[in-house]
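Work through these exercises with the sequence and the model open. Try each task before reading its solution.

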Amino acid sequence: MLSKFIKVMENRFVPFASKLGSQRHLLAIRDGFISIMPLAIIGSLAILINNFPINYYQQYMVGVFGAEWTTFSNYIYSGTFSIMSLLIVFSISYNLAESYNNDPLLAALISFSSFIITIIQSGPQGFTIPFKWLDASGLLVAVIVSLLATEIYVKMMDLIEIRKNTNQGTMTPILNRYFSALIPTILIFIIFSLMRIIFAFLGIENIFQEIYRLIQLPLLGLANNLFTALVIVFIGHFFWFLGLHGTNILEPVIQTLYLPALQENIQAVSNNLAVPNIFTKPFFDSFVYMGGSGTTISLLIVIYLFSNSKRKKDLMKLSSTQSVFNINEPILYGLPIVMSPIYLIPFILTPLVLTLSSYFAILTGLVPKTIAMVPWGTPPIISGFLITGSISGSLLQIFNIFIGILIYFPFVKIAERIKD
């Protein structure tokens, strides 16, 4: 049955996925994220060092290095994850311009400046760059700016006739090339500056906050039920597939809906009452997002055991430590899952299925409802026991990981047939 499914997918889905995956702009986005993969791995290690979820470790580090011991890793994090949007706008633009056989460095520099024009804020002390929007929170704007600025640049350069050996050879070829780009560069900067003015006229001072508001507002009024849980899981993972930080985007919604639900459960236990809520924040963190969004710990296991790709296996080895502690950006951006049609289905389907399996396991009484909050980096198996107070919580995690392996397996084998 499995081989039949793989064959059907190869005949019907793989050609479409291959065509979609080779689309110029999607390819530039994918390669842009792959390009920053080494920085993502280093940044994720810095996160893990500072947030290792063992109290003794935290106390030991404070005792040896002092209360400010996290500063060292914070510097590394600030130079990697905290500027991810800056890195991406440069990287995507570079790859897209290169695909047009145009000057990739100049295109990337123009896109970088255009992004700064887009995000810069005015205040009492003059113009400032809001650092909080330079991390994964600003990826949507970064992707749009990089594609738009590069397309304008490439089209304008195609219209300009570059005169070689002008001024009787007094101007070097590199200066000739860059001076010919003055008009496209000026035009691009004018466009993005006008966009800022138009947004301000419409009352939008911060495009990032407006995007988040438009996404979050419809979800904040939803009730705490199975349908809402599935909607939030689907939307969050679809954003991740687009290269956006789905967890950060939906965090206010998750906090609003599911932290109070956990508090109600804790109070009920304290008063010897029936625990009311199935869906809480630790429900998702521990039963659905094992290894990070998409339950990529299952994907890691599949690739490590069954893949024939040395590149993928090496990536899994580099990412395995972080993945155990639910940090999976190296996998999302390095494999990549971002903008990969082959992995779209299992990446979204797996957490949806695990939301259902966990819901029914708790609804039928096989697993207790969650009654505790644990650090988000607590490894699977351990976290399942801690949030339920029962070994059945750990068994549910093992079961869910196995389900994830079954879902990811055929798609990993299909991906073996495609050069990705």
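**Exercise 1. The helix α3**

Task: Find which residues of α3 are buried, and which helices they pack against.

Solution. Start with the burial cut-offs: buried is under 20% relative accessible area, exposed is over 50%, and partly exposed lies in between (1.4 Å probe, protein chains only). In α3, the buried residues are M37, A40, I41, G43, S44, A46, I47, L48 and N50.

Next, look for partners. Contact means heavy atoms within 4.5 Å. The buried residues of α3 pack against α2 (24-35), α4 (55-65), α5 (71-78), α16 (310-324) and α17 (329-334).

Last, check the length. The expected span of a helix is 1.5 Å times one less than its number of residues. Helix α3 covers residues 37-51, 15 residues, so it should span 21 Å; its end C-alpha atoms are 21 Å apart, which agrees.

A note on the source: this is a predicted model, with residues numbered from 1 along each chain as its sequence is written. Local features need pLDDT of at least 70 and side-chain atom pairs count only at pLDDT 80 or more, while totals for chains, interfaces and linings use all residues; side-chain values use heavy atoms, with hydrogens and water left out.

**Exercise 2. The whole chain**

Task: Describe the protein chain by its secondary structure, burial, contacts and exposed area.

Solution. Helices (H or I, at least four residues) and strands (E, at least two) are DSSP runs, numbered from the N terminus. The protein chain has 20 helices and two strands. Of its 420 residues, 51% are buried.

Then take the contacts between residues at least 6 apart in sequence. Among these, 75% join residues at least 24 apart.

Finish with the surface. Accessible areas come from the Shrake-Rupley method with a 1.4 Å probe; for residues, only the protein chains shown count as cover. The chain exposes about 20200 Å², and carbon and sulfur atoms supply 68% of it.

**Exercise 3. Two more helices**

Task: List the buried residues of α6 and α15, and name helices that cover them.

Solution. Take α6 (residues 84-99). Its buried residues are M84, S85, L86, I88, V89, S91, I92, S93, N95, L96 and A97. Their cover includes α2, α7 (104-119), α8 and α17. The 16 residues of α6 should span 22 Å at 1.5 Å a residue, and the end C-alpha atoms are 22 Å apart, which agrees. After α6 comes N101, with a positive phi near 60 degrees.

Now take α15 (residues 296-306). T296, I297, S298, L299, L300, V302 and I303 are buried there. Cover for these residues includes α16, α17, α18 and α20 (391-415).

**Exercise 4. The largest pocket**

Task: Give the volume of the largest pocket and say what lines it.

Solution. Begin with the method. On a 1 Å grid over the protein atoms alone, a pocket is an open set of points where a 1.4 Å probe fits, with protein on both sides within 12 Å along at least five of seven lines; lining residues have an atom within 4 Å of a point. The largest pocket has a volume of about 750 Å³. It is lined by 28 residues, and the closest to its centre are H245, T247, N248, E329 and W376.

Sort the lining by element. Those giving two or more residues are α3, α5, α13 (246-270) and α14 (281-287). The largest share, five residues, comes from α13.

Sort it by class too. There are twelve nonpolar, eleven polar and five charged residues. Here Ala, Val, Leu, Ile, Met, Phe, Trp, Tyr, Cys and Pro count as nonpolar, Asp, Glu, Lys and Arg as charged, and the others, Gly among them, as polar.

**Exercise 5. Loop residues**

Task: Place P379, I381 and N326 in their loops, and decide whether each is buried or partly exposed.

Solution. P379 lies in the loop between α18 (341-363) and α19 (382-388). At a relative accessible area of 13%, P379 is buried. Outside its neighbours within four places in sequence, P379 is in contact with P53, V324 and F325. The C-alpha atoms of P379 and S286 are separated by 8.4 Å, though these positions lie 93 residues apart along the chain count.

I381 is also in the loop between α18 and α19. I381 is partly exposed, at 35% relative accessibility. Its phi is positive, near 80 degrees, in a residue other than glycine.

N326 sits in the loop between α16 and α17. N326 is buried, with a relative accessible area of 11%. Its phi is about 65 degrees, positive although N326 is not a glycine.

Note on methods
Grid points are joined across faces, edges and corners, and a volume is the space filled by probe spheres set on the points.
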